[in-house]
Protein chains: 2
Amino acid sequence: MRRTAFFLSDGTGITAETLGNSLLTQFEGVQIERVTIPYVDNPDKAELAVARINTAAERDGAPPLVFDTIVKQDIRNKIMASRAVFFDVFDTFLKPLEQQLGISSSYTSGKCHSINEFSTYHRRIESVNFALDNDDGGRQQDYGKADIILIGVSRCGKTPTCLYMALQFGIRAANYPLTQEDLDRPGLPDILLRHRHKLYGLTIDPFQLASIRHERRNNSRYASLDQCEWEVDEVERRFREFGITSINTTHFSIEEIATRIMDDVGLVRGVA
Amino acid sequence: MRRTAFFLSDGTGITAETLGNSLLTQFEGVQIERVTIPYVDNPDKAELAVARINTAAERDGAPPLVFDTIVKQDIRNKIMASRAVFFDVFDTFLKPLEQQLGISSSYTSGKCHSINEFSTYHRRIESVNFALDNDDGGRQQDYGKADIILIGVSRCGKTPTCLYMALQFGIRAANYPLTQEDLDRPGLPDILLRHRHKLYGLTIDPFQLASIRHERRNNSRYASLDQCEWEVDEVERRFREFGITSINTTHFSIEEIATRIMDDVGLVRGVA
């Protein structure tokens with residue numbers, strides 16, 4: 001059986017999509033095609049969305065599942081005329097919230113991911129710049145300003161994790177790759193030991209590391225399993241030696257790695 | 001009146017937080033403190049969460065608002081004993097979804113942002129690497145592989161937008177800064193014209209641009225309002241001349257810029 005899910009919004013669609021995906025992943029074995037339609041904010045766009053929903057209904061022989069966060073009632077009415085089953089996020093939760101807070105909701109479109117606070121936006125951009133400037137061991141004189149410094153072997157996930165923490169939460173994350181040269185010496189580089197309380201380790205399964213490195217530099221010594229095993233061993237030994245908390249990234253998504261690290265060290269989400 | 005909202009999850013908390021924030025931004029004028037507690041996946045953590053909720057209830061003199069996506073019933077029962085008002089995301093929507101799909105949900109914790117598909121994860125990491133390699137006009141020989149190439153003056157938001165599209169949607173986005181040197185000449189650089197169908201313009205209010213540049217290089221010519229006005233004028237003229245679709249980033253968040261661009265050019269979200 002094939003089904004289609006639509007995530008509709010008069011804003012970015014991020015809320016409808018996040019919620020819908022989260023719910024749908026609870027159903028294994030059903031093939032569900034997912035379509036996000038953002039900025040459904042006028043009658044023309046609503047009619048286009050209805051046409052797409054009805055086409056999917058026809059093709060699937062079953063009503064599409066529609067998760068929507070559309071605020072304006074006239075737009076919603078148009079959408080509700082389509083041949084779908086509705087999971088209405090705002091209708092469900094706004095009324096009880098209004099009751100709790102004792103005020104009416106503003107029913108304003110696309111508030112969540114709009115630029116509500118310039119300072120917050122600014123903090124995120126600034127954190128992205130920080131992550132880029134302090135990526136891969138660059139500009140180490142800024143470590144004093146870092147919220148956290150990720151360390152680990154090359155290609156274990158440090159850069160995407162730093163960028164995700166910057167973009168999503170406005171956190172200043174630097175990263176330092178422990179290279180062959182670093183690992184040939186005992187201990188850790190001075191620059192890292194000076195900021196020891198900010199260090200957090202990333203490690204990875206050597207087989208997966210070798211596979212990732214092969215894509216970058218095929219058949220190099222850098223990508224060989226021997227080299228990967230040696231580097232991971234050396235790095236993990238140092239994490240133990242210096243009591244550095246670490247996470248094995250092998251089976252985690254970027255979101256999970258970032259969230260677990262922040263939870264571990266008590267980093268508060270600056271942006272939400 | 002002060003209220004506290006908790007976003008609770010046995011996973012990353014991203015779904016509860018996204019939904020809760022989206023709903024709460026509909027209420028202006030109420031000061032709501034927001035606390036995310038991820039990985040509430042055992043009885044001890046549940047009890048810690050209950051203690052934090054009850055402390056907030058005491059302090060606020062009103063029950064906290066709890067948005068939760070906890071799946072396991074024994075953990076939920078513990079949380080439900082706290083002095084809070086509950087907005088239960090899964091309870092609300094999973095039952096009707098089960099009915100629609102004709103199967104039971106798996107009730108598995110933290111499925112959404114876990115690493116369900118290695119290929120998807122891989123695509124995102126690879127797209128982040130692509131964005132970094134092709135940031136700021138670097139490595140232009142890869143433009144053939146780009147899904148989109150963002151162009152605009154320095155500091156108008158190109159880099160964060162590229163990284164967001166890569167991390168969130170697995171899209172390969174390059175960016176090229178149009179510098180004084182480029183703008184002193186007529187037209188656009190050859191390398192861009194060769195990929196004209198992939199170009200998308202970013203522009204920005206010159207005052208905001210000057211303010212952003214001042215933080216980077218205070219009192220430089222680069223940050224002067226005159227220079228910013230001239231560059232923005234020149235860039236916008238070229239967008240018109242070559243029929244390049246563009247967005248003014250001044251009042252938009254990174255999410256909005258990325259979503260609007262993707263919607264404009266019909267880029268399908270590769271990862272959701």
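In this predicted model, Ile151(A) contacts a set of residues that lie beyond four places from it in sequence: Lys158(A), Tyr176(A), Leu178(A), Leu192(A), Leu199(A), Tyr200(A), Gly201(A), Leu202(A), Phe239(A) and Ile244(A). Ile151(A) is also among the residues with the most contacts inside the largest nonpolar core, which has 100 residues. The others named for that core are Ile148(A), Leu192(A), Ile151(B) and Leu192(B). Leu192(A) thus appears twice, as a contact of Ile151(A) and as a highly connected member of the core. A second, separate core has 40 residues, including Ala5(A), Leu19(B), Val30(B) and Phe90(B).

One contact of Ile151(A), Lys158(A), leads to an annotated segment. An unreviewed UniProt entry places a "binding site" at Gly152(A), Val153(A), Ser154(A), Arg155(A), Cys156(A), Gly157(A), Lys158(A) and Thr159(A).

Lys158(A) is located in helix H6 of chain A. Lys158(A) counts as buried because its relative accessibility is 4%, under the 20% limit. Outside its neighbours within four places in sequence, Lys158(A) touches Leu150(A), Ile151(A), Gly152(A), Val153(A), Asn175(A), Tyr176(A), Pro177(A) and Leu202(A). A polar atom of the Lys158(A) side chain lies 3.5 Å from the backbone oxygen of Gly152(A).

Arg155(A) belongs to the loop that runs between strand S5 (148-152) and helix H6 (158-169) of chain A. With a relative accessible area of 26%, Arg155(A) is partly exposed. Apart from neighbours within four places in sequence, Arg155(A) is in contact with Ile204(A), Leu209(A), Ile212(A), Arg213(A), Arg216(A) and Tyr222(A), and also with Asn129(B) of chain B.

Conventions
Residues numbered from 1 in each chain as written. Chains lettered and ligands numbered in written order. Predicted model: local features only at pLDDT ≥ 70, side-chain atom pairs only at ≥ 80, totals over all residues. Heavy atoms only, no water. UniProt positions renumbered as here; feature names shortened; annotations may be inferred. Helix = DSSP H or I, 4+ residues; strand = E, 2+ residues; numbered from the N terminus. Buried < 20%, exposed > 50% of the residue type's maximum accessible area, 1.4 Å probe, protein only. Contact = heavy atoms within 4.5 Å. Polar contact = N/O pair within 3.5 Å; in protein donor to acceptor, adjacent residues only side chain to side chain. Core = buried A, V, L, I, M, F, W, Y, C linked by side-chain atoms within 4.5 Å.
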